[in-house]
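Here's a quick walk through one model, starting at a single side chain and working outwards. Keep the viewer open while you read.

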Amino acid sequence: MKASIVMLLSGLILVGSVAATGWWATDHSSAQAPEPLGLHAWTRIVATIAPELDTADVPNPATASPAEVATFVGRLTPGQRADLVRLAPTTIGNLDGVPLTLRYQANESVLAAATTPTVEAALAMDDGTAARAASAADAGSVADPAPARGVRAADVAATSVRTDTTAGGGGSTPQSRPGRTLAYDPRGDGRVVQVIGDLERAEHIAVLVPGSSWRLDNVLRWPSGRRVSPLVNAVRLREVVGADVAVVVWLGYDAPERVDLAAVGSARAIAGAVALRRFLHSLPPAHVSLLCHSYGTVVCGRAVPGSPVDEVVALASPGMDVDRASDLRTTARVWAARTADDPIRITPPVRVFGLGHSTSPVDPAFGAQIFRTGTAKGHDQYYTDGTESLANLARIVLGRAAEVTLR
């Protein structure tokens with residue numbers, strides 16, 4: 001009875017604090033996923049590159065499933081695919097269902113084209129792309145110089161883009177960081193997906209979903225700063241699991257800026273779950289583990305139902321917006337861990353009027369398999385070299401569930 005009263009009071013304080021700030025009104029807009037880059041020029045570019053296609057067969061980048069996108073790309077000739085990479089790189093580079101090699105090429109061309117930050121860089125990239133398009137048209141690889149105009153319209157539409165080759169690396173460059181860039185959208189706080197290993201041929205795939213305070217300009221920090229970046233964690237994990245594993249850092253959503261009032265709600269997680277679910281459906285066949293951290297576990301909790309994953313791991317979780325693991329509606333094994341001194345432990349395990357994230361996954365009543373973290377400390381050290389925590393994460397990723405040491 002006493003515990004219930006404490007939890008209820010905690011929830012009421014939580015709601016009162018949030019309501020007093022007007023958070024409900026301010027966070028809603030930021031939770032909306034932005035429209036795909038280059039969306040307005042997409043159909044025109046495709047029509048010019050592949051005039052034989054019916055416009056009804058051209059997928060809408062905002063709504064098409066990865067399977068629909070893959071079918072569309074499969075109808076194109078190698079030359080037409082190359083033209084799409086050249087003329088619509090920001091769209092192709094972020095479109096789930098496009099072959100991995102094309103996405104890598106598209107994002108690397110965008111990163112290589114922009115050498116200075118802000119709008120001027122975007123315009124410079126636009127001019128360069130337009131010039132290449134005109135050159136391609138002159139050479140006969142494109143039927144009409146119109147794509148140059150289309151690309152310009154697309155990129156001008158994105159001139160709010162903060163185009164900086166150092167973005168996402170904390171001062172490092174794309175060339176100096178491990179892995180390849182599978183998605184890159186620098187608008188706002190930015191979104192990025194970085195892949196360590198051969199995603200196309202991997203037997204096992206681990207997808208790391210970061211939580212609050214991670215942005216494009218710090219999530220791929222390399223080498224790491226005082227706070228260990230998710231990219232560093234991905235590299236540490238891959239060193240333990242071996243070459244048959246591809247490790248993905250997925251920041252495809254607008255994470256709360258810090259452990260703040262936005263993190264108490266689920267609006268950003270709900271928007272992010274749509275993108276995460278779509279990404280998961282685009283992965284090649286493999287044993288897939290979703291390794292979610294802090295607010296990222298809320299995103300995962302929203303994305304897991306119906307997603308093709310085999311393992312779901314909740315690290316340092318404030319809750320997953322469900323009362324128990326069975327409510328996640330997944331056949332995946334559900335795991336959870338929390339270090340003894342992780343400050344997330346003081347989060348009230350409540351959900352009141354849509355605020356708070358419900359039962360902690362390390363509560364036995366939740367029903368997850370709770371594994372040991374050993375000497376790992378704090379909120380961000382679950383991937384520390386030599387810890388029982390990292391060893392257990394590796395066993396989960398490799399599908400060796402029987403070897404995981406449980407609490």
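In which helix does asparagine 392 lie? Asparagine 392 lies in helix 14. Before going on, the ground rules: this is a predicted model, where local features need pLDDT of at least 70, side-chain atom pairs count only at pLDDT 80 or more, and totals for chains, interfaces and linings use all residues. Residues are numbered from 1 along each chain as its sequence is written, and side-chain values use heavy atoms, with hydrogens and water left out. Helices (H or I, at least four residues) and strands (E, at least two) are DSSP runs, numbered from the N terminus.

**Helix 14 and its cover**

Asparagine 392 counts as buried because its relative accessible area is 0%; buried means under 20%, exposed over 50%, and partly exposed in between, with a 1.4 Å probe and protein chains only. Not counting residues up to four places away in sequence, asparagine 392 touches Phe371, Arg372, Glu403, Val404 and Thr405, where contact means heavy atoms within 4.5 Å.

The rest of helix 14 is mostly covered too, with seven of its ten residues buried. Among them are Ser389, Ile396 and Val397. The cover includes helix 10 and strands 3, 4, 5, 6 and 7, the last being residues 333-337. After helix 14 comes glycine 399, with a positive phi near 75°.

**Two helix pairs**

Helix 10 and helix 14 make one pair, and helix 3 and helix 5 another. Axes are lines fitted to C-alpha atoms, for helices over the stretch in contact, and angles run from 0 to 180 degrees between N-to-C directions.

| Pair | Angle | Axes |
|---|---|---|
| Helix 10 (230-241) and helix 14 (388-397) | roughly 65° | within 10 Å |
| Helix 3 (39-49) and helix 5 (78-87) | about 145° | 10 Å apart |

Helix 10 passes helix 14 in a right-handed crossing, and helix 3 passes helix 5 in a right-handed crossing as well. Right-handed here means that the near helix is turned clockwise from the far one by less than a right angle; anticlockwise would be left-handed.

Arg236, Leu237, Val240 and Val241 of helix 10 meet Leu390, Leu393, Ala394 and Val397 of helix 14. By class, that contact has seven nonpolar, no polar and one charged residues. Nonpolar covers Ala, Val, Leu, Ile, Met, Phe, Trp, Tyr, Cys and Pro; charged covers Asp, Glu, Lys and Arg; the others, Gly among them, are polar.

For helix 3, the contact residues are Trp42, Ile45, Val46 and Ile49, set against Gln80, Asp83, Leu84 and Leu87 of helix 5. Here the split is six nonpolar, one polar and one charged.

**The sheet**

Now for the strands. Eight of them form an open sheet in the order 1-2-4-3-5-6-7-8, with mixed pairing; two strands pair if DSSP finds at least two bridges between them. Strand 1 (180-185) and strand 8 (369-370) are the edges, each pairing on one side only. Strand 3 (residues 204-209) and strand 4 (residues 245-251) run in the parallel sense over five bridges, and leucine 208 stands opposite valine 249 in strand 4.

Helix 13 (residues 295-303) packs on this sheet, touching strands 3, 4, 5 and 6, and its direction makes about 135° with that of strand 5.

**Serine 307**

Between helix 13 and strand 6 there's a loop, which holds serine 307. Serine 307 counts as buried because its relative accessibility is 9%. Its C-alpha atom is separated by 6.5 Å from that of leucine 280, 27 residues apart along the chain.
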